[in-house]
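Here's a quick briefing to read with the model open beside you. Take a look at the fold first, then work through the points by topic.

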Amino acid sequence: MVRKRMVEDDARRLLGGSPVAIVSTNWRGVGNAAPIAWSMPVSVNPPLIAIAVHPSRRTHDMIKFGEEFAINIPSKVLLNHTQWLGMVSNTIGDKLEASQVPTFKGKEIDSPLLEGCIGWIECTLHDFYTMGDHTLFIGKVMAAQADTDGFDFNTGMWSLDDDEYKPLMYLGGRSYSILDEHFDASVEQRPVEQMLEEGIGQELVEAEAERRIKREEAAERRDEEERRGEVEPDTSSLPRELPDA
C-alpha cells in the first residue's frame, strides 16, 4: 500500500460514494430540481437535514426565498435524468417539464416530488449559514416516504434486494454506483475492560494485518498484469464535480 498526499481541496472526494439527493424546490408556483452530492442528517430531535448549495445555483435562491425544499432519492432508473438535471440550467424554461420526469404533490410542502425515486423527504427551511463558498441550508423534516420495494421498514435500512430499488450513489463526474450488499460486524458490544482482557485489540490488529496482505497481493497481481500487457495502467485523473443547476 502506498499513501499519496492529495491537494487539500480534493479531500472532499474521499467522502464520495454518498447517496445523490435531487433537491426539488418551489417559489411563487415555479418548480425546479437539481442533484446535489452534499447532504446529511444533523439532528434526530427535532429531525433536521443539511444540504450544501453554491450561491450561484438557482436552487440556492429557490430555497432561500421559497423557504422549503424536498430531497428526492433516485435509483439508477433515473441515472441519466439525474445527470441531465445537474447539467442544465433553469434558464431553458421549465427544466422539470423538459426532463419528462413525472412529479406528484407532497404531504406537507408545495415543492414537487419526483416519480422514479425510492425515497422522499419534505423540509421547511429551519436556518441557513454561509460556510466558505457554499450555503448550508438546514431543513426541518415535515414528512418522509419510502418505496417499500427498496426500503425495509422492519430494519430501518435499504433492503438491497433489487438493483432497481437501490439508492444511486455519486462518485464524481459522470460516475455513479449502487450499494451491493450488507455486512454485519462480528464485534459484540461488551465492557471495555472485558474487551481488553479477552484481547479484542489483538483481534483487530490481526484483522488489519490480513486485510493489508490481501491489498498487497492484489497490487502485485495488477502490477504483473500490467507488465504482461493484460490491463491498461491506471492513469485516470480525479473526476470533476457534479454540476448543480
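Two strands count as paired here if DSSP finds at least two bridges between them. By that rule, three strands make an open sheet in the order β1-β13-β14, with antiparallel pairing. Keep in mind that this is a predicted model. The protein has five helices and 14 strands, and buried residues make up 33% of its 245 residues.

**The three-stranded sheet**

- β1 (18-19) and β14 (175-178) sit at the edges with a single partner strand each, so one side of each is left without a neighbour in the sheet.
- β1 pairs with β13 (residues 168-172) in the antiparallel sense, over two bridges.
- If you want a spot to click on, P19 stands opposite M169 in β13.

**The seven-stranded sheet**

- There's also an open sheet of seven strands, running β3-β2-β6-β9-β10-β5-β4, and its pairing is antiparallel.
- Its edge strands are β3 and β4 (39-43), each of which pairs on one side only.
- Going from one strand to the next, the twist averages 35°.
- As a bit of background, strands of a sheet pair through backbone hydrogen bonds, either parallel or antiparallel.

**Strand β5 and its neighbours**

- How many residues of β5 are buried? Six of the six are, so β5 is largely enclosed by the rest of the structure.
- In a regular strand, side chains alternate between the two faces of the sheet.
- Both faces of β5 are covered: L48, A50 and A52 are buried on one side, and I49, I51 and V53 are buried on the other.
- On the β10 side, β5 and β10 pair in the antiparallel sense over six bridges. I49 has G139 as its bridge partner in β10, and L48 has K140.
- On the β4 side, β4 and β5 pair in the antiparallel sense over four bridges. The bridge partner of M40 in β5 is A50.
- A hairpin of four residues joins β4 to β5.

**Helices on the sheet**

- Helix α1 lies across β2, β3, β5, β6, β9 and β10, and runs at about 55° to β2.
- Helix α2 (residues 79-87) packs on the sheet too, touching β2, β3 and β6, and its direction makes about 110° with that of β3.
- Which residues of α1 (residues 58-66) are buried? They're T59, H60, M62 and I63.
- The cover over those buried α1 residues includes β2 (21-27), β3 (30-36), β5 (48-53), β6 (68-74), β9 (117-131) and β10 (134-146).
- Just after α1, E67 takes a positive phi of about 60°.

**W27, a residue to look up**

- W27 is in strand β2.
- Is W27 buried or partly exposed? Its relative accessibility is 31%, and because buried means under 20% and exposed over 50%, W27 counts as partly exposed.
- Leaving out residues up to four places away in sequence, W27 touches M62, F65 and G66.
- W27 and K64 are 37 residues apart in sequence, yet their C-alpha atoms are 9.4 Å apart in space.
- Across the protein, residues 24 or more positions apart account for 60% of the contacts with a separation of 6 or more.

**Cysteines**

- The structure holds zero disulfides.
- C117 comes out at 4% relative accessibility, so it counts as buried.
- C123 is buried as well, with a relative accessible area of 0%.

**The largest pocket**

- The largest pocket has a volume of about 900 Å³.
- It's lined by 38 residues, and S18, P19, S39, M40 and P41 are the ones that lie nearest its centre.
- Which elements give two or more residues to the lining of the largest pocket? They are β1, β4, β5, β6, β9, β10 and β13.
- Two of those central residues have come up already: P19 stands opposite M169, and M40 has A50 as its bridge partner in β5.

How values were computed. Residues are numbered from 1 along each chain as its sequence is written. This is a predicted model: local features need pLDDT of at least 70, side-chain atom pairs count only at pLDDT 80 or more; totals for chains, interfaces and linings use all residues. Side-chain values use heavy atoms; hydrogens and water are left out. A disulfide is a pair of cysteine sulfur atoms within 2.5 Å. Buried means under 20% relative accessible area, exposed over 50%, partly exposed in between (1.4 Å probe, protein chains only). Contact means heavy atoms within 4.5 Å. Axes are lines fitted to C-alpha atoms, for helices over the stretch in contact, and angles run from 0 to 180 degrees between N-to-C directions. On a 1 Å grid over the protein atoms alone, a cavity is a set of points where a 1.4 Å probe fits but cannot get out, and a pocket is an open set with protein on both sides within 12 Å along at least five of seven lines; lining residues have an atom within 4 Å of a point. Grid points are joined across faces, edges and corners, and a volume is the space filled by probe spheres set on the points.
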